[in-house]
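The following exercises are to be worked with the sequence and the three-dimensional model at hand. Each task is followed by a solution in steps.

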Amino acid sequence: MQPAGDVIRNALRESIAVKQALLEREVPLILHIAESLVKTFRAGRKVVLFGNGGSAADAQHVAAELVGRFMMQRRALPAIALTTDTSILTSIGNDIAFDQVFVRQIEALLQPGDLAVAISTSGNSSNVLCAVAAAKEHGAATLGFTGLQGGKLKDLVDVCFCAPSDKTARIQEAHITVWHAVCEVVEAELFGAGEA
């Protein structure tokens with residue numbers, strides 16, 4: 001059995017290596033993602049985010065950064081996590097099918113010009129893939145956040161960020177690091193870097 005201290009050191013080294021890869025190779029894509037959000041908000045449209053498990057938590061985290069605030073006091077931005085209404089999730093999961101829990105919300109909430117953000121570390125979550133297809137049918141732009149291989153999600157969305165790792169924990173750490181950078185750019189672009 002590996003000593004606990006070594007487990008911690010290895011986890012930290014892996015996390016650093018993934019973030020170094022982001023710095024070296026992914027800045028143009030991250031900037032493109034930030035610009036997509038800025039364009040969506042400037043057009044008066046909204047962002048909806050969805051995923052399962054840790055990805056559901058990331059969807060909620062990002063929506064909170066956009067609606068509330070990230071680093072500056074400013075007006076709220078229209079973002080919704082489709083992972084938060086337990087009555088909707090459980091009724092659709094029970095009465096229709098679990099792969100429809102996000103689809104039905106997309107049918108109710110999305111308009112052309114909105115941005116649908118699908119988060120799946122494997123890229124193969126059925127309910128996420130079904131939701132992306134529904135978003136496209138409703139005229140929304142689609143953005144994916146996934147892992148190294150990308151799964152089916154990579155080819156289904158308009159733009160896909162594939163974290164440079166095949167380990168779920170490292171993928172999730174990369175996702176939230178990228179989202180924090182995106183939120184910082186969005187605030188600066190929409191509200192001015194010096195505005196309090």
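Helices and strands are here DSSP runs, numbered from the N terminus; a helix is a run of H or I with at least four residues, and a strand is a run of E with at least two. The model is a predicted one.

**Exercise 1. The largest pocket**

Determine which element gives the most residues to the lining of the largest pocket.

Solution.
1. The space in the largest pocket amounts to about 200 Å³.
2. Its lining comprises 16 residues, and those closest to the centre are Ser36, Lys39, Thr40, Leu115 and Ala141.
3. Two elements, α2 (27-42) and β4 (141-146), each supply two or more lining residues.
4. Of the elements, α2 contributes the most, namely four residues.
5. Sorted by class, the lining holds six nonpolar, six polar and four charged residues.

**Exercise 2. The cysteines**

Establish how many disulfides the model contains, and explain why Cys183 is not bonded to Cys160.

Solution.
1. A disulfide is a covalent bond between the sulfur atoms of two cysteines. The cut-off applied is that the two sulfur atoms lie within 2.5 Å.
2. By this rule, the count is zero disulfides.
3. For Cys160, the nearest cysteine sulfur belongs to Cys162 and is 3.9 Å away, and Cys160 is in no disulfide.
4. For Cys183, the closest cysteine sulfur is that of Cys160, at 18 Å, which is too far for a bond.
5. As to accessibility, residues under 20% relative accessible area count as buried. Cys160, at 15%, is buried, and Cys183, at 2%, is buried as well.

**Exercise 3. Helix α1**

Check the length of helix α1 against the expected span, and decide where its buried residues lie around the axis.

Solution.
1. Helix α1 covers residues 4-25, which makes 22 residues.
2. At 1.5 Å a residue the helix should span 32 Å, and its end C-alpha atoms are 32 Å apart, so the two values agree.
3. The buried residues of α1 are Ser15, Val18, Ala21 and Leu22.
4. Viewed down the axis of α1, these buried residues fall within an arc of 120°, and therefore they line one face of the helix.
5. This fits the general geometry: an α-helix has 3.6 residues a turn, so residues three or four places apart point the same way.
6. On the other side of α1, the exposed residues are Leu12, Arg13, Ile16, Leu23 and Glu24.

**Exercise 4. Helix α8**

Repeat the length check for helix α8, and state what phi Gly192 takes just after this helix.

Solution.
1. Helix α8 consists of 24 residues, 168-191.
2. From the first C-alpha to the last, α8 reaches 34 Å, close to the expected 34 Å.
3. Just after α8, Gly192 has a positive phi of about 85°.

Definitions and conventions: Residues are numbered from 1 along each chain as its sequence is written. This is a predicted model: local features need pLDDT of at least 70, side-chain atom pairs count only at pLDDT 80 or more; totals for chains, interfaces and linings use all residues. Side-chain values use heavy atoms; hydrogens and water are left out. On a 1 Å grid over the protein atoms alone, a cavity is a set of points where a 1.4 Å probe fits but cannot get out, and a pocket is an open set with protein on both sides within 12 Å along at least five of seven lines; lining residues have an atom within 4 Å of a point. Grid points are joined across faces, edges and corners, and a volume is the space filled by probe spheres set on the points. Ala, Val, Leu, Ile, Met, Phe, Trp, Tyr, Cys and Pro count as nonpolar, Asp, Glu, Lys and Arg as charged, and the others, Gly among them, as polar. Buried means under 20% relative accessible area, exposed over 50%, partly exposed in between (1.4 Å probe, protein chains only). The expected span of a helix is 1.5 Å times one less than its number of residues. The arc is that of the directions from the helix axis to the C-beta atoms.
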